[in-house]
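Here are a few short exercises to work through with the model open on your screen. Try each task before you read its solution.

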Amino acid sequence: MTSSSSLGSYQLSIYYITTCSTESLLHAAHTISSALFLSNAIRYWVTLRLILRLRHSDVCTSYLLEIEGSRVKWLRPGENNLLGFLRTVLDGRKWPGTRLRALSCQQRPGYPEDCINVMEYAVNPSACPSCIIVDEDEVRVGLKPWWLLALIMVVNDARCRQQCT
């Protein structure tokens with residue numbers, strides 16, 4: 001799938017932290033779909049930094065997967081396609097527009113100062129943030145965190161991208 005055409009300079013970073021569970025890979029696939037896919041293209045103005053916490057037996061392993069919407073190639077929507085993409089990257093194979101690194105126990109990357117929590121953004125969607133954090137352990141609403149992110153992205157596209165055109 002190709003990246004959407006450039007319409008201004010607005011850029012958005014999303015930090016998404018999965019819970020440490022056996023379902024984390026599936027949650028990550030839903031997150032990629034929510035953050036990056038438009039109806040017929042990839043949001044070129046979004047960089048997704050996915051802190052993927054995978055549970056194997058009683059051990060939690062953490063990774064930081066960075067996906068740049070402006071550079072990623074050959075990414076296709078659909079749960080099976082995205083799960084295959086994640087397995088490929090986690091197996092150590094390179095994928096254009098992505099970077100993967102292992103994180104030590106409980107390590108989380110530093111967030112820029114201007115990052116706001118997705119719940120703060122949901123309360124005040126009139127702002128056009130440059131960075132949004134979604135932590136599955138902290139989202140306490142009736143929606144799955146990636147559904148909330150999908151809704152926020154629709155609002156963000158309508159409000160913040162329109163200012164750039």
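In what follows, a disulfide is a pair of cysteine sulfur atoms within 2.5 Å. Keep in mind that you're looking at a predicted model.

**Exercise 1. Find the disulfides and work out how the bonded cysteines pair up in sequence order.**

Step 1. Start with the count: the structure holds three disulfides.

Step 2. Now pick out the partners. C20 is joined to C60, S to S 2.0 Å. C115 pairs with C131, with the sulfur atoms 1.8 Å apart. C128 pairs with C160, and here the sulfur atoms are 2.2 Å apart.

Step 3. Number the bonded cysteines along the protein chain, and the pairing reads 1-2, 3-5, 4-6.

**Exercise 2. Take the link of C20 and C60: which parts does the pair tie together, and what is its handedness?**

Step 1. Look at the torsion: there are 135 degrees about the S-S bond, and the link of C20 and C60 is right-handed.

Step 2. Place the two ends. C20 sits in the loop between strand 1 and helix 1, while C60 belongs to strand 3, so the bond ties together parts that are 40 residues apart in sequence.

Step 3. Check the burial, using under 20% relative accessible area as the cut-off for buried. C20 comes out at 13%, so it is buried. C60 has 25% and is partly exposed.

**Exercise 3. Do the same for C115 and C131, then for C128 and C160: which link is right-handed and which left-handed?**

Step 1. For C115 and C131, the 50 degrees about the S-S bond go with a right-handed link. This pair links distant parts of the chain, 16 residues apart: C115 is in the loop between strand 4 (98-103) and strand 5 (116-117), and C131 is in strand 6.

Step 2. Both ends can be sorted by accessibility. C115 counts as buried at 15%, and C131 counts as buried at 1%.

Step 3. Turn to C128 and C160. The torsion about their S-S bond is about -100 degrees, so this disulfide is left-handed. C128 lies in the loop between helix 3 and strand 6, and C160 lies in helix 4, 32 residues apart.

Step 4. Sort these ends too: C128 is partly exposed, at 29% relative accessibility, whereas C160 is buried, at 1%.

**Exercise 4. Describe how helix 1 packs on helix 2: what are the distance and the angle between their axes?**

Step 1. Get the geometry. The two axes come within 9 Å and cross at roughly 115 degrees.

Step 2. Put a word to the angle: 65 to 115 degrees counts as roughly perpendicular. That makes helix 1 roughly perpendicular to helix 2. The crossing of helix 1 and helix 2 is right-handed.

Step 3. Find the residues that touch. Helix 1 brings L25, L26, A28, A29, H30, I32 and S33, and helix 2 answers with E79, L82, L83, F85, L86, R87 and L90.

**Exercise 5. Which residues of the largest nonpolar core touch the most other members?**

Step 1. This core has 40 residues, and I32, L75 and F85 touch the most other members.

Step 2. Trace where the core comes from. The elements that give two or more residues include helix 1 (24-36), helix 2 (79-90), strand 2 (46-56) and helix 4 (145-161).

Step 3. Don't stop there: apart from this core lies another, of eight residues, among them Y15, I17, C115 and C131. You've met the last two already, as disulfide partners.

Methods. Residues are numbered from 1 along each chain as its sequence is written. This is a predicted model: local features need pLDDT of at least 70, side-chain atom pairs count only at pLDDT 80 or more; totals for chains, interfaces and linings use all residues. Side-chain values use heavy atoms; hydrogens and water are left out. A nonpolar core is a set of buried Ala, Val, Leu, Ile, Met, Phe, Trp, Tyr and Cys residues joined through side-chain atoms within 4.5 Å. Buried means under 20% relative accessible area, exposed over 50%, partly exposed in between (1.4 Å probe, protein chains only). Helices (H or I, at least four residues) and strands (E, at least two) are DSSP runs, numbered from the N terminus. Axes are lines fitted to C-alpha atoms, for helices over the stretch in contact, and angles run from 0 to 180 degrees between N-to-C directions. Angles under 35 degrees count as roughly parallel, over 145 as roughly antiparallel, 65 to 115 as roughly perpendicular and the rest as oblique. A crossing is left-handed if the near helix is turned anticlockwise from the far one by less than a right angle, and right-handed if clockwise. Contact means heavy atoms within 4.5 Å.
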